[in-house]
Structure formats: C-alpha cells, structure tokens
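Visitor: I should like to examine this structure with you, one question at a time. Please show it first.

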Amino acid sequence: MRTDEELMLLFREGSREAFEELFARHHRAVVRFAWRMTGDPATAEEAAQEIFLRIARAAPSYRPTAKFTTWMYTIARRSTLNYLRDTEEEGEKVPILQEGEAEDGVYPVHLPGPEDRNPERMVWEAQLADRFRAALGELPEAYRAAFVLNRGDGLSYDEVAQVLGITVQAVKTRIFRAREMLLSRLSKDVSG
Amino acid sequence: MGCRDIRETISAFVDGEASPEEAGAVREHLASCERCRVLERQMRAVGAGVRQIRGTVPDRLRETVFARLEAEGALPPPMPAHARSWRWAAAPLAAAALGLFLLTSGDAIRKASVPGPPTAVFLTTEDRETIALLDVLEDTATFDADGESEGMDLLAPGDSAEPPAPTRGARSGA
Ligand SMILES: [Zn+2]
C-alpha cells in the first residue's frame, strides 16, 4: 500500500486516483475535526469541503518533508479558523475558569472514564454529551485546537506543535488549560 | 512537589507525554494524594469526551468536493483503466533508460512489453522524478493545472504562538 506522502506526490504529478485514495482515507477524520472545532454540522461540512479544495490546490507546492497528516491538519485548522472568524463577530469567547476555583483540585462532577467498568457509565449520557460539546465550544480556539488534535485525532504533542506552529511546552500548557476550563464549566453546570 | 505544581504534568502523563522522570513523580504523588487521583480520572474523562463527538459525513461531500475541483481544473478527469496501468508499468522501465527515453516518443514506450503493475515497489526520488517526467511528456495539461495553483501560505510560520488573550479568568500562557 502506498503511503499518504507517495499518493500526494502522485497527485501532484496529475494522478486523480491518488487523490481519490487520499480522500477515501482521510475524509472521515477531516469531517470529525471540523465538527469538533466548529460545533456545527453545516459549518463543519463547508469547512470540510474547503479543506479538501485547499489540499488539492496546494498540491503543486507539497513537499514530503513532514507527515502528510501533519500537513493536512495544518490546512484543516487554518480552514476551520477562517470559518470561526467569519461567524464569531468579536473574536474568542470568554474562558470560564476563575482564579482559584480549582485550588483544591476537586471538581464536583462525575464523568465517565475509560477505566469506568460500569456499562451504564461507559458511554456519555446524552445530556452530559451536550453539555460537554457546549463547554468545548466555549474554549478559546487555540486551546480547543490543541486539545482536539491530541485527544480527538491522536496527534502527539510534537505533531500538535508542528500543526499550530508553537512549542511542545506551549502545547502541554494549552491542553492542561483546556482540561481545567472544561472541568470547571461542567462543574458549574452541576452546581448551578 | 505540591498539587498545584504537578497538575500540568499529570495532564501530560494522562496523554502519555510525560518523561520517565515526570511519570515517576506523578505516580509517586498520586499514590499519596486522593484529590489528584480524582483529578487524574477527570482529566482522562474529558479526553474521552472529545472522542464521543464524532459527527457524520455529509451525503454528498465527495460529489461536491470532486465537482468543485474539476470545475476549477485542480483535478484531472477520470482516466481509462488501460492508461492507469500503463503509467505504473512504465515507471521502472523509464527509470532504467531515462536518457534514451528523453529521445523516444511516448508511443514507443507504450508499445514496450512490460509486466503488470508492481505491487510493492519502493519509489525512490529518482522514480518519482521519472514519473513526473512521464506525466509531463504525456500530458501537457499537467503544466496548466500547476500553473493555475494559488500561492497559498499554508505552512507559513506566522501562526501566532499564543492564543488571543482571554479577557478575564484564565492565567496567561506559561
Ligand atoms: Zn495532589
């Protein structure tokens, strides 16, 4: 089986089949990423289209110096960012963590975890899933992108750093902050 | 290390991104700190929460994307099957006889007797250049498609290193 990088080079040289294969391999991931970043099906669809158009248009300048997926997510993130800028009038939404709130490190919310063996808790109940989506949508885009790329798409911190053009330490910090904000928001829902 | 100082490392630990030394410190802390054990489980849980947002692939995504690409000339039309297999079969041959190939018409290459498409050929850089040469000689439309591409700044390093400053609440980045 040819690698993504080889397919991209073949597409660059005019192979339609190479692009068809790349689309088949990655369109689900692209849709999921767009969905998680925009939180809206219609916007996610528009963004997913745009991402593949950009991949195709950028093919002539593609160089296999990085993993294809790193390159693809770089395009994907920039595309969703454009849609978010278009739809949100005034920049980022306000983060919800208040200073000192997590001082004792205890958030009064029960979340199902991978280690939770109770079948009823293995899946996120619908109401909690809705609240989680809302909380994710309220994160600053830069935090959400780091968190989604790592936890959702399985990119390593190093790969996330490449996609976002930041240091690995900054990735670590953003993901930690994203977790704090999410837990804080979900706890607030419980207590208020 | 106190709870407050180790939390960011616990987050990295949960993601499998802590160094062996950091992981050791985290395990040691968790063994003696119930609150951070709870926090660790919650950190894992919010990570799992991202994956339960899956979305669905729109029905006509493929059709729409391919139609738009064809309309702007960024995607070649489907090729007949025999042209496809020829392209693959000809690559190693052309690589072996590149100099001769340059002086040879495309017809002669097409008529050459070659085995079926290779299944596990490692493509070297030279192979790729040869394939590129084949395409260019075979189909001048390749030039046109390249020429129309937009100079996008896809990998420009201009992406800001820090997120826009939150207006209140969150501490600034490390
Ligand atoms: Zn602790």
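**Zinc site, core and helix**

Guide: To begin, H29(B) and C33(B) are both buried, where buried means under 20% relative accessible area, exposed over 50% and partly exposed in between (1.4 Å probe, protein chains only). This is a predicted model in which local features need pLDDT of at least 70 and side-chain atom pairs count only at pLDDT 80 or more, while totals for chains, interfaces and linings use all residues. Residues are numbered from 1 along each chain as its sequence is written, chains are lettered from A and ligands numbered from 1 in the order in which they are written, and side-chain values use heavy atoms, with hydrogens and water left out.

Visitor: Which protein donors does the zinc ion have?

Guide: Donors are N, O and S atoms within 2.8 Å of the metal (3.2 Å for Na, K and Ca); water is not among the atoms, so sites may look incomplete. Along the chain the donors of the zinc ion follow the spacing C-x25-H-x3-C-x2-C. At 2.0 to 2.3 Å from the zinc ion lie C3(B) (SG), H29(B) (NE2), C33(B) (SG) and C36(B) (SG).

Visitor: What is the geometry of the site of the zinc ion?

Guide: Four donors count as tetrahedral if all angles lie between 85 and 135 degrees. The ideal angle for four tetrahedral donors is 109.5 degrees. Among the 4 donor atoms of the zinc ion the angles are 102 to 115°, and the site is tetrahedral.

Visitor: Where does the largest nonpolar core lie with respect to the domains of chain A?

Guide: A nonpolar core is a set of buried Ala, Val, Leu, Ile, Met, Phe, Trp, Tyr and Cys residues joined through side-chain atoms within 4.5 Å. The largest has 88 residues, of which M8(A), F19(A) and I55(A) touch the most other members. Its largest share, 11 residues, comes from helix α2 (residues 16-38) of chain A, helices being DSSP runs (H or I, at least four residues) numbered from the N terminus. Domain 1 (1-95) and domain 2 (114-192) of chain A, with bounds from an automatic or database domain assignment, both contribute residues, so this core lies between them.

Visitor: Why do the buried residues of α4(B) line one face of the helix?

Guide: In helix α4 (residues 61-71) of chain B, the residues L61(B), V65(B), F66(B) and L69(B) are buried. Seen down the axis of α4(B), they line one face because the directions from the helix axis to their C-beta atoms fall within an arc of 115°.

How values were computed. Helices (H or I, at least four residues) and strands (E, at least two) are DSSP runs, numbered from the N terminus. Four donors count as tetrahedral if all angles lie between 85 and 135 degrees; four count as square planar and six as octahedral if opposite donors are over 155 degrees apart and all others between 65 and 115; anything else is irregular.
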